[in-house]
Amino acid sequence: MTLLEEYIRLALTEKIRRRRDPKTGKPLTAFDWDVFKRLKTPIARVLYARKLLQPFGSGSSRAVFLISSRKVLKIAKNEAGVEQNRTEVSIARDPDVTPVVTHVFDRDKKFQWIVSELVREIKDPAEFQK
């Protein structure tokens, strides 16, 4: 894929990710970090994010939402999710592996949530080797 094709793909993806009211087509209220950070339970965090962000995936331990074409919000649903967030932050801080792991931009003090870099898929085995 050429650089121009990649740019167009990212621009279109970003436009699709902007949440809109299905009835009116108007953008939904913006995600408010201050409101999100005051939420006390994993369920409240996930419900708030689900209302205003594009869901990206969910497992038994974490729910992931797209913030932009480069960032995701990972919300711990339980203690296993907290440990996954803690481990991800720990690995991202290790200078020996920082060039090959996702960057963590922000986090909760108790690892209830993190904001990390969106992973781009590896295109082929040669890119993996590089």
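What follows is a conversation between a student and an author about the predicted model shown above.

Reader: Before we start, what should I know about how this model is numbered and treated?
Author: Residues are numbered from 1 along each chain as its sequence is written, and the side-chain values use heavy atoms, with hydrogens and water left out. Since this is a predicted model, local features need pLDDT of at least 70 and side-chain atom pairs count only at pLDDT 80 or more, while totals for chains, interfaces and linings use all residues.

Reader: Okay, how many helices and strands are there in the chain?
Author: The chain has 5 helices and 5 strands, where helices (H or I, at least four residues) and strands (E, at least two) are DSSP runs numbered from the N terminus. Read from the N terminus on, the elements run α-α-α-β-β-β-α-β-β-α.

Reader: And in what order do the strands sit in the sheet?
Author: The 5 strands form an open sheet in the order E1-E2-E3-E5-E4, with antiparallel pairing; two strands pair if DSSP finds at least two bridges between them. Strand E1 (54-58) and strand E4 (104-107) stand at the edges with a single partner strand each, so one side of each is left without a neighbour in the sheet. On average, neighbouring strands of this sheet are turned by 25° against each other, direction ignored.

Reader: Which strands does E2 pair with, then?
Author: E1 is joined to E2 by 4 bridges, and these two run antiparallel, while E2 and E3 pair in the antiparallel sense over 5 bridges. A hairpin of 3 residues joins E1 to E2, and E2 and E3 form a hairpin with 4 residues between them. To pick out single positions, Gly57 has Val64 in E2 as its bridge partner, and Ala63 stands opposite Ile75 in E3.

Reader: Is E2 buried or exposed?
Author: E2 is mostly covered, with 5 of its 5 residues buried, and buried here means under 20% relative accessible area, exposed means over 50%, and partly exposed lies in between (1.4 Å probe, protein chains only). In a regular strand the side chains alternate between the two faces of the sheet. In E2 both faces are covered, with Arg62, Val64 and Leu66 buried on one side and Ala63 and Phe65 buried on the other.

Reader: What about helix H3, which of its residues are buried?
Author: In helix H3 (residues 42-52), the buried residues are Arg45, Val46, Tyr48, Ala49 and Leu52. They cover an arc of only 165° around the axis, which puts them on the same side of H3; the arc is that of the directions from the helix axis to the C-beta atoms. On the other side of H3, Ile43 and Lys51 are exposed.

Reader: So what do those buried residues of H3 pack against?
Author: They pack against helix H2 (33-38), strand E2 (62-66), strand E3 (71-76) and strand E5 (113-117), where contact means heavy atoms within 4.5 Å.

Reader: How are E3 and E5 joined, and how does H3 lie on the sheet?
Author: E3 and E5 run antiparallel and are joined by 5 bridges, and the bridge partner of Lys71 in E5 is Glu117. H3 packs on the sheet, touching E2, E3 and E5, and its direction makes about 150° with that of E3; axes are lines fitted to C-alpha atoms, for helices over the stretch in contact, and angles run from 0 to 180 degrees between N-to-C directions.

Reader: Changing topic, how many aromatic pairs are there?
Author: A search of the whole structure finds 6 aromatic pairs. Rings of Phe, Tyr and Trp (its six-membered ring) pair if their centres lie within 6.5 Å, with planes under 30 degrees apart counted as stacked, over 60 as edge-to-face and the rest as tilted. Phe31 and Trp33 form an edge-to-face pair, 4.9 Å centre to centre with 75° between the planes.

Reader: Why is the pair of Phe31 and Tyr48 tilted?
Author: The ring centres of Phe31 and Tyr48 are 5.2 Å apart and their planes stand at 50°, so the pair is tilted. Phe31 lies in the loop between helix H1 (3-17) and H2, and Tyr48 lies in helix H3, so this pair ties together parts that are 17 residues apart in sequence.

Reader: Which residues do the ring pairs link into a cluster?
Author: The cluster links Phe31, Trp33, Phe36, Tyr48 and Trp113. Phe31 counts as buried at 17% relative accessibility, and Tyr48 counts as buried at 13%, whereas Trp33, at 27%, counts as partly exposed.
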